[in-house]
Amino acid sequence: ILESMACGTPVLANPVGAISNIIKDGENGFTMEDNSNISIVRNIFRAMNFTDIDAISNNGQNYVRSEFNLINTIQKLEIAFSEL
C-alpha cells in the first residue's frame, strides 16, 4: 500500500489492522467494505469517477513522504530502541 501511494497510485484497501490508520477514505485512498467482487468493482468505479483523483494521488504521496522519510524513521527507531 505504501509503495503504491509513494508512486502516486490511488489505493483501494480493506480497513483492517494498521491500514485504517494509513488510508483515509476519499482523502489519500479508498477503503472498501470487504474483499468481495462486488465491493472491489464498486470501489474501482468509485475511484474512476472520483472528481479529483489527482488530489488522492498527491495526498497519498505526501503522506508517505512525510511519515516515512529517513528522519522520521530514525526517530521512531530511536524511540523503539530506548524503550527496550
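This section describes the overall architecture of a predicted model and then its salt bridges, a buried asparagine, the loop after the first strand and a nonpolar surface patch.

The protein chain contains 5 helices and 2 strands. Read from the N terminus, these elements follow the order α-β-α-β-α-α-α. The C-alpha atoms occupy a box of roughly 45 × 25 × 15 Å along the principal axes. The radius of gyration of the protein chain is 15 Å, whereas a compact globule of 84 residues would have a value near 12 Å. Of the 84 residues, 24% count as buried. Among contacts with a separation of 6 or more, 39% involve residues 24 or more positions apart. The exposed area of the protein chain is about 5,700 Å², and 58% of this area is supplied by carbon and sulfur atoms.

Across the whole structure, 3 salt bridges were found. In one of them, Asp-25 pairs with Arg-46, with 2.8 Å between the closest N and O atoms. Asp-25 is located in the loop between H2 and E2 and Arg-46 in helix H3 (residues 37–48), so this pair ties together parts of the chain that are 21 residues apart in sequence. Asp-25 has a relative accessibility of 41% and therefore counts as partly exposed. Arg-46 is likewise partly exposed, at a relative accessible area of 30%. A further salt bridge links Glu-33 and Arg-42, whose closest N and O atoms are 3.0 Å apart. Arg-42 has a relative accessibility of 44%, which places this residue in the partly exposed class. Glu-67 and Lys-76 also form a salt bridge, in which the closest N and O atoms are separated by 3.9 Å. This separation is counted because the criterion for a salt bridge is a side-chain nitrogen of Lys or Arg within 4 Å of a carboxyl oxygen of Asp or Glu. Both partners are partly exposed: Glu-67 has a relative accessible area of 30%, and Lys-76 has a relative accessibility of 44%.

The loop between helix H2 (19–22) and strand E2 (30–31) also holds Asn-28. With a relative accessibility of 5%, Asn-28 counts as buried, since the buried class covers values under 20%. The side chain of Asn-28 makes polar approaches to the backbone at two positions. The backbone oxygen of Ile-22 is reached at 3.0 Å, and the backbone nitrogen of Lys-24 lies 2.7 Å from a polar atom of the Asn-28 side chain. When residues up to four places away in sequence are not counted, Asn-28 touches Met-5, Ile-22, Ile-23, Ile-56, Asn-59, Gly-60 and Tyr-63.

A second asparagine, Asn-14, lies in the loop between E1 and H2. Its relative accessible area is 17%, so Asn-14 is buried. Asn-14 and Met-32 are 18 residues apart along the chain, yet their C-alpha atoms are separated by 5.0 Å. Met-32 is one of the residues in contact with Asn-14; with neighbours within four places in sequence left aside, the others are Ile-19, Glu-33, Asp-34 and Asn-35. With Asn-35, the side chain of Asn-14 forms a side-chain to side-chain polar contact of 2.7 Å. Glu-33, listed among these contacts of Asn-14, is also the salt-bridge partner of Arg-42.

Val-16 is found in the loop between strand E1 (12–13) and H2. In contrast to the buried Asn-14, Val-16 counts as exposed, with a relative accessibility of 53%. The C-alpha atoms of Val-16 and Thr-31 are 9.6 Å apart in space, and the two residues are 15 residues apart in sequence.

On the surface, Val-41, Ile-44, Phe-45 and Met-48 form a nonpolar patch, which together has about 390 Å² of accessible area. Val-41 lies in helix H3, the helix that also carries Arg-46 of the salt bridge with Asp-25. The relative accessible area of Val-41 is 42%, and the residue is accordingly partly exposed.

Technical notes. Residues numbered from 1 in each chain as written. Predicted model: local features only at pLDDT ≥ 70, side-chain atom pairs only at ≥ 80, totals over all residues. Heavy atoms only, no water. Helix = DSSP H or I, 4+ residues; strand = E, 2+ residues; numbered from the N terminus. Buried < 20%, exposed > 50% of the residue type's maximum accessible area, 1.4 Å probe, protein only. Polar contact = N/O pair within 3.5 Å; in protein donor to acceptor, adjacent residues only side chain to side chain. Contact = heavy atoms within 4.5 Å. Rg over C-alpha atoms; globule rule 2.2 N^0.38 Å. Areas by Shrake-Rupley, 256 points an atom, 1.4 Å probe, with all protein chains shown as cover. Patch = residues over 30% accessible without salt bridge, like charges linked within 9 Å, V, L, I, M, F, W, Y side chains within 5 Å.
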